[in-house]
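Biologist: Could you take me on a close look at one part of this model, the open sheet, and then show me what surrounds it? I would enjoy one connected walk rather than a list.

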Amino acid sequence: MAGRRQVSGASVVALCLLLVSLVACGGGPAADPARAQVQALLDRRAEAVLDRDASAYGRTGTRAGFDALRAVPLADWSYRVTAVDRTGDTATASADLSYRVDGYDRSPVTTARSLRLSRDRDGHWSVDSDRPAHRSGEQLWDQGTARAVRGERSLVLGVGQPEAALRDYAELADRAVPAVSDAWGPRWPRRVVVLVPESLEDMAGLLGSPASSYRGIAAVTTGATGAGTRAPADRVIVNPDAFALLGDSGRQVVLTHETTHVATRADTSAATPLWLSEGFADWVGYRGAGRAPDEAAPELAQAVGRGELPEALPDDDDFGFSGDADRLARAYESGWTACRLIAEHWGEERLREFYRAVGAHQGRRGAVEDAMARVLDTTPAEFTARWRQYVRELLA
């Protein structure tokens, strides 16, 4: 512009350096170094966890939680800071914790954490607390010192449980793994991690849900569907209150059912209806258990006895834990009888092929229809009619 003195490039650089503490040269505020500092702190903390170095861990802040983790065999442990909310010499950091249990997890389990931090006079940050983020489930070691028992094919981690009880769970899991492999096939890792918290309330804490949702449920399996072979490792989480009410046979059925979910996870997707995933797991659980049909499906047998034959296979909504307990039982039993029908009429290999075909579908729409046509040479309407007749004859 005419009449304006030109500023040299060196002057511009000097001006940017002069103002860097107030504004960035590009016009925005200078980046707060706290996030990078916190990330470096958590990197050191994670390294101390893996090295089992209590002194190094203590130098990063509170030692709370370190001893609770000692028994857990870890292959990886790392934090990824996603946000830092700083007020003077205090801060709250949001971070994703990723970890793998050595010998069991092919991919990491990732969970959101919230960490409170403080800064000393020398500008060094330290961790004051490390807790689950809002709406995230607890980890077992958040509830107390974890105890580990290794089986031949299982790892059982418990809090507030005697070692003898954890060994009983390991024996059940060790029997479940070969039973599942015999029914499903060997194409899965053939090992399982079982978590045994102290109470129903602690089970709910691990799942991040109200305890009322799982009252009467002996165990559940967590894990991501649709991730193929890179699916994060599943965890069988036991409700010790309900599990204690079962007999020896019932406990074995439950652990075999849940282990089936671990085995089938890579072939289970959003296309898989719950009547198939839960029914197949029950079929494996009861396979070889010597249970009479009316013992395996008592609620459905009573309904049939009253002349209340189900009109259709259950919807996913029928499997909600917070609903009617009898309705939930009939949903599971209906899925079991449907899978039992396929195994008996078409054969066990066709049942496995059908399960995988449904899970491989791109979406829920048409998944069952396509798999029935291709694998079973039938239609949903024909199958439902055959299933209703089968249930009537089986449970009459």
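Modeller: Gladly; what follows starts at the sheet and moves outward from there. Please keep in mind that this is a predicted model.

The open sheet has five strands in the order β5-β6-β7-β9-β8, and its pairing is mixed. At its edges are β5, residues 147-150, and β8, each of which pairs on one side only. On average, neighbouring strands of this sheet are turned by 20 degrees against each other, with direction ignored.

Let us look at one pair within it. Strand β6 covers residues 154-158 and strand β7 covers residues 192-196; five bridges link them in the parallel sense. One of the residues to find here is G158, whose bridge partner in β7 is V196. In a regular strand, side chains alternate between the two faces of the sheet.

A helix packs on this sheet as well. Helix α5, residues 163-184, lies across β5, β6, β7 and β9 (235-238), and runs at about 150 degrees to β6.

Just ahead of the edge strand β5, have a look at Q143, which sits in the loop between β4 (125-132) and β5. The side chain of Q143 makes a polar contact with the side chain of E138, at 2.8 Å. Leaving out residues up to four places away in sequence, Q143 touches E138, V159, P197, D202, G205 and L206.

That loop leads back to β4, which has a partner of its own: β3 and β4 run antiparallel and are joined by seven bridges. There, L117 has V127 of β4 as its bridge partner. The hairpin of β3 and β4 has five residues between the strands, and in it G123 takes a positive phi near 85 degrees. Strand β3 (residues 109-119) is also joined to strand β2 (residues 90-101), by ten bridges, and these two run antiparallel. In that pairing, Y99 stands opposite V109 in β3.

Now back to the other edge of the open sheet, β8, since this strand takes us to the largest pocket. That pocket has a volume of about 1,200 Å³. It is lined by 46 residues, and I217, H257, F321, L328 and Y332 are the closest to its centre. The elements giving two or more residues to the lining are β8 (219-222), α8 (248-264), α9 (274-286), α10 (293-296), α11 (298-305) and α12 (325-345). By class, the lining holds 21 nonpolar, 13 polar and twelve charged residues. So much for the walk; β8 is a good place to pause, being both an edge strand of the sheet and a contributor to the pocket lining.

Note on methods: Residues are numbered from 1 along each chain as its sequence is written. This is a predicted model: local features need pLDDT of at least 70, side-chain atom pairs count only at pLDDT 80 or more; totals for chains, interfaces and linings use all residues. Side-chain values use heavy atoms; hydrogens and water are left out. On a 1 Å grid over the protein atoms alone, a cavity is a set of points where a 1.4 Å probe fits but cannot get out, and a pocket is an open set with protein on both sides within 12 Å along at least five of seven lines; lining residues have an atom within 4 Å of a point. Grid points are joined across faces, edges and corners, and a volume is the space filled by probe spheres set on the points. Helices (H or I, at least four residues) and strands (E, at least two) are DSSP runs, numbered from the N terminus. Ala, Val, Leu, Ile, Met, Phe, Trp, Tyr, Cys and Pro count as nonpolar, Asp, Glu, Lys and Arg as charged, and the others, Gly among them, as polar. Two strands pair if DSSP finds at least two bridges between them. Axes are lines fitted to C-alpha atoms, for helices over the stretch in contact, and angles run from 0 to 180 degrees between N-to-C directions. Contact means heavy atoms within 4.5 Å. A polar contact is a pair of N or O atoms within 3.5 Å; within protein, one must be able to donate a hydrogen and the other to accept it, and residues adjacent in sequence count only if both atoms are side-chain atoms.
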